[in-house]
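Student: I'd like a close look at one part of this structure, with the neighbouring parts brought in as you go. Please explain the terms along the way.

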Amino acid sequence: MNMSEGVMLQVIEYIVNDDSFMVHVQFFGGEPLIRWEQLQEFVIIAKEKAKIKEKNIQFGMTTNGTLLDEKKLTWLKENNISFLLSHDGIQKAHDHFRKYANGRGSFDDIDLALISKYFPDIQIRPTITPETIEFFADSVRFFARFGFRNIATEPAYEKSVNWKETDFQKLAKVYEELASMYAKAKLQGEKPFIFKFIEDARRGIRNQKMNIKPAGFLCGIGKNSYGIDAMGRIYPCQRYASNLDPRTVIGDVWNGIEKDKLENFWWKIKRENMKSFANCKECKVAFACFGGCNACNYEEYGDPLQIHENFCEYLRVAIPIGVKALKATKEVENGD
Ligand code: SF4
Ligand code: SF4
């Protein structure tokens, strides 16, 4: 959906006039680079207005990379705008799902070498599914050849994705490989890998040591992050904004956030409410569980706290491997 000039200017007004000292704007789509001129205009105007208000403003985006060329990369670099790259890895994996309307895969249209020249440290966001899990270790090695080592290892665990026991076994094997790659790079002093499942394990161990119970969703939803759609409506986060569900609107850029709606939503995502889940009390990975993606839970069940068993099973596989990797590198002790 396109954002009109009038809405864009009001969005800028809203974000430069809120109370925070610093604001980070993340463009998402669809594909934000389709509206390249508008994105540039947004950044230029917002920067000018933020300067007047003495507000620190930063920008980022999520892109599939197909429209990135040298000119755009140069401008992004000059303006200090980094991005998350949605890319599924080697061609067999990437072209399995990422196809144009005519059925052609988009792999050949993404110049990873060029992107790496400007942004070697971006995070890559592959979609991991039962169909592509067997290629995932090769995909990580493929990304590493371009210097990309920050990989979001988070599978699609919606109930529509049919993870079977054998798929989780494959995933375990692949994650063991990733853990070895992580440990080897760390111990040999190479550029480190950053894998989300190892970071989740690290955070969980730290919280456990400090006797901190996971207090809610990790991502800042409803606390310090909001999503705004092309009509100027405000949602608890960008995924809610993408879904355009009127029941999840918490305000708009003309009138601001409606406190009642936010508080109602915030109440729902309190961690205490999640403890009512029968399985959680006995769960061995609860120390590292932050409830998955709130928006995804809502999409699936109409309830932000209803977690799909795919997520729990995934965590039961991934977290112990993450802990093992941290022990192998002596980042945590064996007694932890
Ligand atoms: S992984 Fe599942 S069972 Fe375990 S704490 Fe999280 S939600 Fe509960
Ligand atoms: S709820 Fe999900 S989509 Fe929304 S910010 Fe959190 S992790 Fe991201």
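Tutor: Let's begin with pairing: two strands count as paired if DSSP finds at least two bridges between them. Strands are DSSP runs of E with at least two residues, helices are runs of H or I with at least four, and both are numbered from the N terminus. This is a predicted model, in which local features need pLDDT of at least 70 and side-chain atom pairs count only at pLDDT 80 or more, while totals for chains, interfaces and linings use all residues. Residues are numbered from 1 along each chain as its sequence is written, and chains are lettered from A and ligands numbered from 1 in the order in which they are written.

The antiparallel sheet is a good place to start. Its 4 strands form an open sheet in the order β7-β8-β9-β10. β7 (227-228) and β10 (256-257) are at the edges with a single partner strand each, so one side of each has no neighbour in the sheet. Further in, β8 (residues 233-235) and β9 (residues 251-252) run antiparallel and are joined by 2 bridges. At one of these positions, I234 has G251 of β9 as its bridge partner.

Now for the parallel sheet, an open one of 6 strands in the order β1-β2-β3-β4-β5-β6. The edge strands here, each pairing on one side only, are β1 (22-27) and β6 (194-195). β1 pairs with β2 (residues 56-63) over 6 bridges in the parallel sense, and Q26 is found opposite G60 of β2. Together with helix α2 (residues 36-52), β1 and β2 make a right-handed β-α-β unit; right-handed means that, with the strands pointing away from the viewer, the path from the first strand over the helix to the second runs clockwise. Farther along the sheet order, β3 (residues 82-85) pairs with β4 over 2 bridges, again in the parallel sense, and L84 stands opposite Q123 in β4.

Follow the chain out of β3 and you meet S86, in the loop between β3 and α4. With 19 other C-beta atoms within 10 Å, S86 is partly exposed; 20 or more would make a residue buried, 12 or fewer exposed, and anything in between is partly exposed, with C-beta atoms placed from the backbone. Beyond its neighbours within four places in sequence, S86 is in contact with T62, N64 and R125, where contact means C-beta atoms, placed from the backbone, within 7 Å. I57, by contrast, is 24 Å from S86, C-alpha to C-alpha, and 29 residues apart from it in sequence.

Helix α6 (residues 136-145) connects to this story. Its buried residues are F136, S139, V140 and F143. They line one face of the helix, because seen down its axis they fall within an arc of 100 degrees, taken from the directions from the axis to the C-beta atoms. Their cover includes α4 (91-97), β4 (123-124), β5 (150-151) and α7 (165-187). Just after α6, G147 has a positive phi of about 95 degrees.

Finally, the ligands. Ligand 2 is surrounded by 10 residues, the closest being C219, C237, R239, C293 and N294; a residue belongs to the shell if its C-beta atom, placed from the backbone, lies within 6 Å. Helix α12 (residues 294-301) gives the largest share of that shell, 3 residues.

Key. Two residues are in contact if their C-beta atoms, placed from the backbone, lie within 7 Å.
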